[in-house]
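Here's a guided walk through a protein model, with an eye on the empty spaces inside and a couple of residues worth stopping at. Pull up the structure and follow along.

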Amino acid sequence: MADLGLHRTIPRWSAMYRPAVVRARRRACLEPWVIGLITFISLIVLAVCIGLIVHYVRYNKKTTYNYYSTLSFTSDKLYEFGKEASKNFTEMSQKIESMVNNAFHKSSLRQAFVKSHIIKFSQEEHGVLAHMLLIFRFPSSEDPETVNKIIQHVLHKKLQDAVGHPKFHPELVEIKKINETETDNFLNNCCGTRRNKTTRQSLRIVGGTEVQEGEWPWQASLQWDGIHRCGATLINDTWLVSAAHCFRTYKDPARWTASFGVKIEPPKMKQGLRRIIVHEKYKYPSHDYDISVAELSSPVSYTNAVHRICLPDASREFHPGDEMFVTGFGALQNDGSSQNHLRQVQVNLIDTKICNEHKAYNNAITPRMLCAGSLKGNRDACQGDSGGPLVSPDARDIWYLAGIVSWGDDCGHPNKPGVYARVTAFRDWIASKTGV
């Protein structure tokens, strides 16, 4: 018969119910001495576990060891790397850091070694002196004197065996342990260093991502009568670079202030402006020659959160597709209001020929401009970001000012990327006005 959906219910008391068989069990009782023994063993095990944890924490906690080192070497060409951030400086720094890194990576200190960083070069009678920071992380239990001897031995031995150029003089190498404050001071006085680098990718500024203190320490907010108007970039302790159009209407330096830090209010630091220099060839409404420099009323003190960017040589080339970052306090959308917290966006450099196509900017891009963003839209700067930095890293993770936020059609529209003043085209002009 077909099942018509009728179900039979079997009562719990039916014949299919099988009662459980209950068996009486004899209750086991432990003797008092057995209970005491178990308790004693448990306490011993607990004590051993606690001891192991304490030992692990004490002897595996890492402490940072910082060293200032001078490395003497001879070069196969004349001393040409004194100018910080120049091509020669960068190439020689990268070469020496690579040799030192390899020396420690191939030694017993490979797990403790963190990084090396060239601070500067100086000319000496016997050759050239490279001034370098060395950073290690050792367990806290290590004896500092022993650590110092091991580091010196490895560096002397490995540099003695090093082949190729430059040729080091290991007998003249000097190493001195320094504290964290001294290390910070050295790094903060180098251009283009970042102390907090947690973010490599982000959304657009138009809707975008807030940054942490120290990520972009050269960013400044330019304020007219206390209201944010433009961005700017710190290039030394007394000069800022910004856009010319920021000062087209507002010219009186006494009414301008510059603040530093990731928030406009409260700022990390604030300074007035002494004078403003706009490029002589800037003529509104043209966007060409959209660059200016502004002198602070007094020098700023470099900190982890506030210090300068590197300026590229005039001959430096940035290539289409290069990843860059633009930062600012500008609006999250077209015709929006400025933000109190600094934001960032990762953009790509776009070929000028593509940017000059009819569907883009129809030949409006001059040799003194560059385009960056995305032809798909979304990733862009916006109003209030003008004058701010477009930056790019080198192989040493040192950051350079590639562009200055200048103009664009709306914010984040397809085929309308951001347009920036090309810093390399104005490198000589910046040097003539600021000495930087």
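**Pockets, cavities and two residues**

Let's start at the largest cavity: helix 2 (87-105) and strand 2 (113-124) each put at least two residues into its lining. Strand 2 gives the largest share, three residues. In total, 15 residues line this cavity, and Glu84, Phe89, Cys191, Arg396 and Ile398 are the ones nearest its centre. By character, the lining of the largest cavity splits into nine nonpolar, three polar and three charged residues. The space in there comes to about 80 Å³.

Before going on, keep in mind that this is a predicted model. The chain has a mean pLDDT of 86, with 87% of its residues at 70 or more. There are weak patches, though. Over residues 1-27 pLDDT stays under 50, and the model has two contacts beyond four places in sequence for them. Residues 199-204 also stay under 50, but there the model has 24 such contacts beyond four places in sequence. Where pLDDT is low, don't read the predicted coordinates in detail.

Back to the empty spaces. You find them by rolling a probe the size of a water molecule over the atoms. How many cavities of 30 Å³ or more turn up? The count is two. The second largest has a volume of about 50 Å³. Look for its lining around Gln212, Glu213, Gly214, Glu215, Trp216, Pro217 and Gln219, with Gly261, Val262, Ala305 and Leu342 also taking part. That lining of the second largest cavity sorts into five nonpolar, four polar and two charged residues.

Now for the largest pocket, which has a volume of about 550 Å³. Its lining has 28 residues, and nearest the centre you'll find His245, Gln383, Ser386, Ser406 and Trp407. Strand 8 (227-234), strand 17 and strand 18 (418-422) each supply at least two residues of the lining. In this pocket the lining residues break down into 13 nonpolar, 10 polar and five charged.

Ser386 deserves a closer look, being one of the residues nearest the centre of that pocket. Find Ser386 in the loop between strand 15 (369-373) and strand 16 (389-393). Is Ser386 buried or exposed? It counts as buried, because its relative accessible area is 13% and the cut-off for buried is under 20%. The side chain of Ser386 makes a polar contact of 3.0 Å with the side chain of His245, and His245 is also among the residues nearest the pocket centre. Beyond its neighbours within four places in sequence, Ser386 is in contact with Cys230, Gly231, His245, Cys246, Val405 and Ser406.

Our last stop is Gly403, which sits in strand 17 (residues 399-407). Strand 17 is one of the strands that help line the largest pocket. Gly403 counts as buried because its relative accessibility is 0%. Which residues does Gly403 touch, not counting those up to four places away in sequence? They are Gly388, Pro389, Leu390, Tyr420, Ala421 and Val423. If you'd like a distance to check on screen, try Gly403 to Ala425: their C-alpha atoms are separated by 9.9 Å, and the two residues are 22 apart along the chain.

Note on methods:
Residues numbered from 1 in each chain as written. Heavy atoms only, no water. Helix = DSSP H or I, 4+ residues; strand = E, 2+ residues; numbered from the N terminus. Buried < 20%, exposed > 50% of the residue type's maximum accessible area, 1.4 Å probe, protein only. Contact = heavy atoms within 4.5 Å. Polar contact = N/O pair within 3.5 Å; in protein donor to acceptor, adjacent residues only side chain to side chain. 1 Å grid on protein atoms, 1.4 Å probe; cavity = no way out; pocket = protein on both sides within 12 Å on 5 of 7 lines; lining within 4 Å. Points joined across faces, edges and corners; volume = space filled by probe spheres on them. Nonpolar A, V, L, I, M, F, W, Y, C, P; charged D, E, K, R; others polar. pLDDT = per-residue confidence, 0-100.
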